[in-house]
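Hi everyone, thanks for having me. Let's pull up the structure and walk through a few spots together.

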Amino acid sequence: MTQNQILKNYESAKAVYKDWGVDVEKVLEEFAKIKISLHCWQGDDVRGFEGLEAESQNLVTGCYPGAARNGDELRSDIDMACSLSPLKHKINLHSMYAEKHNPRNDLTVDDFSNWIQWAKEKGYGLDFNASFFTHPMMNKGFSLACLDKSTRDYWIEAGIDSREISAAIGKELGEKCYNNIWIPDGLKDIPANRFRYRELLQDSLDKIFAKPYTAEEKTYAADVLEGKLFAIGVESFTVGSHEFYLGYAAKNGVGVCLDTGHFHPTESVADKLSSYVNFVETVMLHISRGIRWDSDHVVIQNDEIYGIMQEMRRGNLYGRVPMGLDYFDASINRVAAWAIGLRAAAKAILASLLEPFALIDKAELEGDFTSRLMLMDEFKNLPVNAVWDYLLMKSNVADGQHALAAIKQYEKDVQSKR
């Protein structure tokens, strides 16, 4: 499509939205403020830089060539993916991506100096996660809830370090760094005593959070706990369940992370937001695409992501609820997997901001549920695509056809030579 055609379609779309009371220019200004945190682990199949692939318990499907092998390659791939997205970006790191090879329970912010310098240069923020997996100190699949005290102590130290690193990263970049804790602890079959494991996890978390952030550090860091329904090998019992973390977070003044792949397939994360945001310190979203289970498929434009972004907009949650992508797929080009997810999230955000929400909200307040439902359905046909094409052009981001060509060229020039 030519630039003139994009502009013509955009002006036509602006007129349509104006008829519904939506100022498209103001929407684009609001869109420009919204950030998505991109997960670094998609680029190398969650291997990290420790050389511990043999310890892996992650189910990354596929062996597409060109995976990043070191920090420079991974950062290059991330830059390429971000160049294909009109969003502002943060990058989400796991501690296994430290580049100085210190033990996981003895990491400092210096181990991530390359990431911080790169983020400064590119204008990215950073988020952080202690990697409680893929490591010899995992004890029969357990970390913070392990029956063995020495194992728990090791991971408690790692958790304490992650908070210090997050606060230092946030201060260095002048932007809040969200420190996420997810552990894989659980059992394949029915436990004899659930209380024992959860009491151990509670004690471990108490020790990790024993030293509160200073007033300054709270400006630059926040802690969130990521629960899960189940996983392969822990089908019967997940220690860090959603219910456990919600109760712990509400009592202890920390946050929760809702991963869209970590619930039963019939549950709606969009529906949960209004039940969480007013009761816990911080709510974070990790956006994935589960198929029958937490399968971490690439995020695409589907009803789930549009529903989540609608709820974010309708609840005025943009800027209040941080968002990040979280999936991995090695059956396709890894940079393309990032780009597809970023663009899907971006378009869903744009659609949510363009929705003439005031009209359906007014109908509901007046008890006119007929108008509410009809308008909701009619608004699905508004010309979002014309605004999207203009947004890409304005942001100097390739449209779909040219984005795919750019990925193919990057694969030929860069990834195929690894």
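What volume does the second largest pocket have? It comes out at about 510 Å³. Keep in mind that this is a predicted model. If you want to find the middle of that pocket, look for Tyr 306, Gln 310, Met 376, Phe 379 and Lys 380, which are the closest to its centre out of 22 lining residues. The elements that each give two or more residues to the lining are α10, α11, α13 and α14. As for chemistry, the lining has 10 nonpolar, six polar and six charged residues.

Okay, from pockets to cavities. The whole structure has four cavities of 30 Å³ or more, and the largest of them has a volume of about 50 Å³. Which helix gives the most to its lining? That's helix α5, residues 149-173, with five residues. The lining includes Trp 155, Asp 161 and Arg 104, and by class it divides into six nonpolar, three polar and two charged residues.

Hang on to Arg 104, since it also turns up in my next topic, salt bridges. Side chains of opposite charge can pair when their charged atoms come close. A search of the whole structure finds 25 salt bridges, and I've picked out a few.

In one of them, Arg 104 meets Glu 50, at 2.7 Å from N to O. Glu 50 sits in the loop between β1 and α3, and Arg 104 in the loop between β2 and α4, so the pair ties together parts that are 54 residues apart in sequence. Is Arg 104 buried or exposed? It's buried, because its relative accessible area is 2%, under the 20% cut-off. Glu 50, at 26%, is partly exposed.

Next up, Arg 418 and Asp 77, whose closest N and O atoms are 2.7 Å apart. Here the two partners are 341 residues apart: Arg 418 is in the segment after α15, while Asp 77 is in helix α3. Asp 77 is buried at 1% relative accessibility, whereas Arg 418 is partly exposed at 22%. These two also belong to a network of salt bridges with Arg 69 and Glu 73.

For contrast, try Asp 203 and Lys 207, which meet at 2.6 Å, N to O. Both lie in helix α6, four residues apart, about one turn of the helix. Asp 203 is partly exposed at 32%, and so is Lys 207 at 39%.

Last stop: the surface. Val 16, Trp 20 and Leu 359 make a nonpolar patch of about 210 Å². Leu 359 is in helix α12. That's my tour, thanks!

Definitions and conventions
Residues are numbered from 1 along each chain as its sequence is written. This is a predicted model: local features need pLDDT of at least 70, side-chain atom pairs count only at pLDDT 80 or more; totals for chains, interfaces and linings use all residues. Side-chain values use heavy atoms; hydrogens and water are left out. On a 1 Å grid over the protein atoms alone, a cavity is a set of points where a 1.4 Å probe fits but cannot get out, and a pocket is an open set with protein on both sides within 12 Å along at least five of seven lines; lining residues have an atom within 4 Å of a point. Grid points are joined across faces, edges and corners, and a volume is the space filled by probe spheres set on the points. Ala, Val, Leu, Ile, Met, Phe, Trp, Tyr, Cys and Pro count as nonpolar, Asp, Glu, Lys and Arg as charged, and the others, Gly among them, as polar. Patches are made of residues with over 30% relative accessible area and no salt bridge: like charges are joined within 9 Å, nonpolar side chains (Val, Leu, Ile, Met, Phe, Trp, Tyr) within 5 Å. Accessible areas come from the Shrake-Rupley method with a 1.4 Å probe; for residues, only the protein chains shown count as cover. A salt bridge is a side-chain nitrogen of Lys or Arg within 4 Å of a carboxyl oxygen of Asp or Glu. Buried means under 20% relative accessible area, exposed over 50%, partly exposed in between (1.4 Å probe, protein chains only).
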